Structures are given as C-alpha cells and as structure tokens.
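Trainee: I am new to this structure. Please take one part, look at it closely, and then show me how the rest of the chain sits around it.

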Amino acid sequence: MLVVVFVLALTVGLALFLRDQDWTPVRELAQRLDPVQVGLVLGGALLVNSVGLLLGYHSWQALFVDLGAAVDRWTAARLFFVGFLAKFVPGRFVALPVLLRMGKEINVGAVRLAGVFLLSWVVVALTGMTVGLAAGPAVLDRATGWMLLAVLPLVALFVRPELLNRGLAGAARLLRRPPPQVSASRTGIRRAITTQSLSWVISGHHLWLLAVTAGAPPLRSYLVCVAGFAAATVAGLLVMVVPDGLGVREAVLMVGLATVMPVSVAAPVVLTSRLVCALSEVAVGAGGLLLAQYVHRRRLGPRRGVDPALTG
C-alpha cells in the first residue's frame, strides 16, 4: 500500500507540474531528429550503461572474494545477479531466502553473505554521492567549495580502509549486537571503491548522450548528466520502499536537467533514461544469471554422472 500511494502521489505531482509547461520545443525536437540517429544513440546508451553495470559487479566481487568466500567467479555471479534482479521488487528483501539457500549450498554463511551485501551497499552509496557532488556547481550556480568536505568520508575510507570495519564494530556495540564476524582488507575495499566509482562515471554517460541528442549544450550538461545520474540513483536507493527508486531518481534528474534544457524536453529525456536503464539492467542481470547458471550446471553434470550436454 505504501508503494502504491507513493507512486500515485508522485505521478499526480509530476503531472500537475508538467501540465502548464510549453511543449513546443518537444514537437520541434521530434521533427528535427533523424530516426537512424535516434536508434544509434539509444544503442550506444544501452551499451554504455551495460558496461557500467558490469563494473559494478566487479566491485561487489572484489568484496565477496576479499571476505574469504572460496568460490569461483561463476558461483559469485549467480549470487550477485539474484540480488541484483531483486532491486525491481518492493522492499528488496524477497530474494533474501533464495540468497541464503544459495549461500548454504556453497558453504557461505548468512553472516558472511549479509556482510558482503552490506559493505557493497555502503561502497555504492558513498561513491555515488561523492561522484554526484560534481554536479553541484553546475546545478546550484554559486560557490560550492564547501561541498568538497563531503568527499572526506570516501577519501578517508580509501586511505584508511580499516575505518569501515571499526565503524561496523562500533555500530554493533551501540546496538548491543555481537561484533561482525567478517572484515574487509585494504586491497578489497580500495579495489571495490575504485571499480564502483568508475562504474558511476561510465553509466552517467548514457544520460549525457540522450541529453545532447535532445539539444542540451555538450559542455554545460556534461557534469549535470554524468555526476547528476549518480546522485539521483543513490537518492532512489535510499528510498527502500520504492522498486529501483522509481520516481525519486526521475525527480532529482529533472531538477538537474532543467538547468540546461527546457523542462518539457527534460521530461522525455528522463523517461528515456529510465527505459535504457531498465533494459540494460534486465539484459545484464538476466543474461549474467543465465550464463552463470548454465556454467554451474555444466560443472555439476560430471559430478552427478550426467552428460553435461543434457544438463545445459
């Protein structure tokens, strides 16, 4: 009910906001665009975002292996993509029983598995917010040097990765819970931070391609799109009850894009970005899971005395 009410309220609010906008630029843009050019841009945007998603997987894998999970990369991929596809489900906890069962099958305990996903979420949020700060000067149009202070947590974590383990242990004491049974190394955390930061930067270029095609000035819109996409996505992640940040990400992106193009043009750009992200996420998530599952069954075939060709 909460999800339905939230989405309906957001939809009504956006409809009322866009109702009085001048849609003439949209009609002029539709007449000016070449269908072949649009197809190439959409294909490029899908490819760019897919590369960013794969880098996100490598960031998660760095933490997973770093925390002592002695499994091959295909087994790790099965776990990741199940949790990844669960982002489309409200609450994001539906996949938890499946993940715990899969972890039990490969001797990865619930504590270790939960620790990996928690650490990964922290890295995703911190890197996304840090990259998103680059959009501040372009959007706020005033002195924003103070925003550099917000980069300090990620810089401190990169220089002293053990601070994350101490923070989790302190949180456990504050909540009167047993101390965490897992801890990440310096190499694992730094690799995860670097790869995830690169993932944000690359993924944001898909929005820039769409915006420039719609008439946004390339230079002025660059940071607004690339960095703004990271900030908007993290904002959507923080609203846990909404599937994949639906509506939240769009609202944040509209605020940024409105500084470089008419709101009436920014609206279809934001909606196209959502479509590109959804298609690339389903393609990468489902494709990665099917490939990992296929390799998994091929490996189980000889052990069970079954012809691998029959288990594919």
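Mentor: We start with a group of aromatic rings and then move along the chain.

First, the ground rules. This is a predicted model, in which local features need pLDDT of at least 70, side-chain atom pairs count only at pLDDT 80 or more, and totals for chains, interfaces and linings use all residues. Residues are numbered from 1 along each chain as its sequence is written, and side-chain values use heavy atoms, with hydrogens and water left out.

Now the frame. The protein chain has 14 helices and 0 strands. Both are DSSP runs, numbered from the N terminus: helices are H or I with at least four residues, strands are E with at least two. Of the 312 residues in the chain, 42% are buried. Buried means under 20% relative accessible area, exposed means over 50%, and partly exposed lies in between (1.4 Å probe, protein chains only).

Go to the rings. A pair of aromatic rings is described by the distance of the centres and the angle of the planes. Rings of Phe, Tyr and Trp (its six-membered ring) pair if their centres lie within 6.5 Å; planes under 30 degrees apart are stacked, over 60 edge-to-face, and the rest tilted. That rule gives 5 aromatic pairs. One of them joins Tyr57 and Phe81, whose rings are stacked, with 5.5 Å from centre to centre and 20° between the planes. Tyr57 belongs to helix 3 (residues 35-66) and Phe81 to helix 4 (residues 73-85), so this pair links distant parts of the chain, 24 residues apart. Tyr57 is buried, because its relative accessibility is 8%. Phe81 is buried too, because its relative accessible area is 5%.

A further pair is made by Trp60 and Phe80. Their rings are tilted: the centres are 5.4 Å apart and the planes meet at 50°. Trp60 is in helix 3 and Phe80 in helix 4, so this pair ties together parts that are 20 residues apart in sequence. Trp60 and Phe80 are both buried. Put the four rings together, and Tyr57, Trp60, Phe80 and Phe81 form one aromatic cluster.

From there, look at a contact across a long stretch of sequence. Val295 sits in helix 13. Val295 counts as buried, because its relative accessible area is 15%. The C-alpha atoms of Val295 and Thr75 are separated by 9.0 Å, although the two residues are 220 apart along the chain.

Helix 13 also takes part in a charged contact. The structure holds 1 salt bridge, which here means a side-chain nitrogen of Lys or Arg within 4 Å of a carboxyl oxygen of Asp or Glu. The partners are Arg274 and Glu250, at 2.5 Å from N to O. Arg274 lies in helix 13 (residues 263-303) and Glu250 in helix 12, so the bridge ties together parts 24 residues apart in sequence. Arg274 is buried, because its relative accessibility is 13%. Glu250 is buried as well, because its relative accessible area is 9%.

Stay with helix 12. The helix is mostly covered, with 7 of its 10 residues buried. Among the buried residues are Glu250, Leu253 and Leu257. Just ahead is the loop between helix 11 (218-238) and helix 12 (248-257), where Val239 is found. Val239 is partly exposed, because its relative accessibility is 24%. The C-alpha atoms of Val239 and Arg249 are separated by 9.9 Å, and these residues are 10 apart along the chain.

One more ring deserves a look. Phe158 is in helix 8 (residues 152-159). Phe158 is partly exposed, because its relative accessible area is 34%. Arg190 lies over the face of Phe158, at 5.8 Å from the ring centre. For a charge to sit over a ring, NZ of Lys or CZ of Arg must be within 6 Å of the ring centre and within 35 degrees of the ring normal.

Finally, the record. UniProt, in an unreviewed entry, places the feature "transmembrane region" at several stretches, including residues 219-239 and 251-272. UniProt positions follow the numbering used here, feature names are shortened, and annotations may be inferred rather than shown by experiment. Over residues 219-239 the model is 95% helix and 0% strand, with end C-alpha atoms 31 Å apart. Over residues 251-272 the model is 77% helix and 0% strand, with end C-alpha atoms 14 Å apart.
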